[in-house]
Amino acid sequence: MDILKVKGLKKYYNNGTTIVKALDGIDLSIEQGTFTAITGSSGSGKSTLLHILGGLDTPTEGSVELEGRNLSQMSRDELAILRRRKIGFVFQSYNLVPMLSVYENIILPLELDGNQPDNNFIMEIIQRTGLEKKINSMPYHLSGGEQQRVAIARALAPKPSILLADEPTGNLDSRTSQDILGLLKSMGEHFLQTIIMITHNEEIAQLARNIIRLEDGKTTESGWL
């Protein structure tokens, strides 16, 4: 079953003299519960695509459907609610709130949406991310790898339909990167979570079940492993 469908997606920018085609006609579908990597060189359109998939940006043309809902037909407020409830984000820069503890950062999306945390589920996430001894720590006391573990736990806390990861190991050393990627993959498998990950690293992309390659705003190759 496809959870995400993209049809004829285009994103053009006018820089005053020329039209920049960041995305130039993307068609793709993502099956529920799969781990997909989107890869390509710098400037290929990877991050632009991810931002549109997550409702953070709007396309010039085309559509994105998440669980049958067309994001282009939703208001700004509806998109904000959708992002809080249906989409988990993991960014390269972690984006933790510095004045909140690990636990408070993890449950923040739920509190922003006015929901009570499912404590059993939250504790399971904390245990599986290896953060049991860090739940009262502040972000500035954590290593980069630990901060990214918190970011992954926070993304999963609302039980989203899909998790989007933008270069999640970009600020980490190679050993920590492998740990984080292994964690991301195992969490996806355990919670039957649909994951789409942006990466410029072909070796990292091989961890995914499905690889989509972009070049000059177009898909050049797509396949299942």
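In the predicted model, Ala165 has Met197 as its bridge partner in strand S8, and this pair belongs to the contact between strand S7, which spans residues 162–166, and S8, the two strands being joined in the parallel sense over five bridges. Between these two strands the chain passes from S7 through helix H6, formed by residues 174–190, before it arrives at S8, and the resulting β-α-β crossover is right-handed.

Strand S8 also pairs with strand S3, which comprises residues 35–39; five bridges join S3 to S8, and the two strands run parallel. Here, too, Met197 takes part, since the bridge partner of Ala37 in S8 is Met197. Met197 is thus the S8 partner of Ala37 and likewise that of Ala165.

The strand that receives these bridges, S8, consists of residues 194–199 and is mostly covered, with six of its six residues buried. The side of the strand to which a residue points does not alter this result: Thr194, Ile196 and Ile198 point one way, Ile195, Met197 and Thr199 point the other way, and all are buried.

A further buried position is found in helix H5, which extends over residues 144–156 and contains Gln148. Gln148 has a relative accessible area of 0%, and it is therefore classed as buried, the cut-off for this class being under 20%. When residues up to four places away in sequence are not counted, Gln148 touches Val90, Phe91, Gln92 and Tyr94, together with Pro168, Leu172 and Ile180.

Definitions and conventions. Residues are numbered from 1 along each chain as its sequence is written. This is a predicted model: local features need pLDDT of at least 70, side-chain atom pairs count only at pLDDT 80 or more; totals for chains, interfaces and linings use all residues. Side-chain values use heavy atoms; hydrogens and water are left out. Helices (H or I, at least four residues) and strands (E, at least two) are DSSP runs, numbered from the N terminus. Buried means under 20% relative accessible area, exposed over 50%, partly exposed in between (1.4 Å probe, protein chains only). Contact means heavy atoms within 4.5 Å. Two strands pair if DSSP finds at least two bridges between them. A crossover is right-handed if, with the strands pointing away from the viewer, the path from the first strand over the helix to the second runs clockwise.
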